[in-house]
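Ready for a little practice in reading a protein model? Take a look at the structure below, then work through the exercises.

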Amino acid sequence: MTGEIRIKKKGTQRGDDGYKVVSVRMKDELIERLDVLSSQTNRSRNELINMLLNAAIEIVKIDD
């Protein structure tokens, strides 16, 4: 035993992973639906929200 503990520095700093934190207000009913889907798919609420937003943004049409 050497008497020291070595810890390697973390490679990326917080926020350097290409993601940003956002805050969104949602109705309780929507959160409940997300939680049910989360338990059914074994995915986190955050992962599901990202998947759903990515899918939805591709099919959005803007009316003039």
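Here come three exercises, each with a worked solution.

This is a predicted model, where local features need pLDDT of at least 70, side-chain atom pairs count only at pLDDT 80 or more, and totals for chains, interfaces and linings use all residues. Residues are numbered from 1 along each chain as its sequence is written, and side-chain values use heavy atoms, with hydrogens and water left out.

**Exercise 1.** Find out where Arg45 lies and which residues Arg45 touches.

*Solution.* Start with the address: Arg45 sits in helix α2, residues 45-58 (helices are DSSP runs of H or I, at least four residues, numbered from the N terminus). Next, look for contacts, meaning heavy atoms within 4.5 Å. Leaving aside residues up to four places away in sequence, Arg45 touches Ile31, Leu34, Asp35 and Ser38. Ile31 is 14 residues from Arg45 along the chain, and their C-alpha atoms are 8.6 Å apart.

**Exercise 2.** Is Arg45 buried or exposed, or partly exposed?

*Solution.* Recall the cut-offs: buried is under 20% relative accessible area, exposed is over 50%, and partly exposed is in between (1.4 Å probe, protein chains only). Arg45 has 36% relative accessibility, so Arg45 counts as partly exposed.

**Exercise 3.** Work out how α1 and α2 pack.

*Solution.* First take the angle, about 105 degrees, and the distance between the axes, 9 Å. (Axes are lines fitted to C-alpha atoms over the stretch in contact, and angles run from 0 to 180 degrees between N-to-C directions.) Therefore α1 is roughly perpendicular to α2, a label for 65 to 115 degrees. Finally, name the partners: Ile31, Leu34, Asp35, Leu37, Ser38 and Thr41 in α1 meet Arg45, Leu48, Ile49 and Leu52 in α2.

Conventions:
Helices (H or I, at least four residues) and strands (E, at least two) are DSSP runs, numbered from the N terminus. Angles under 35 degrees count as roughly parallel, over 145 as roughly antiparallel, 65 to 115 as roughly perpendicular and the rest as oblique.
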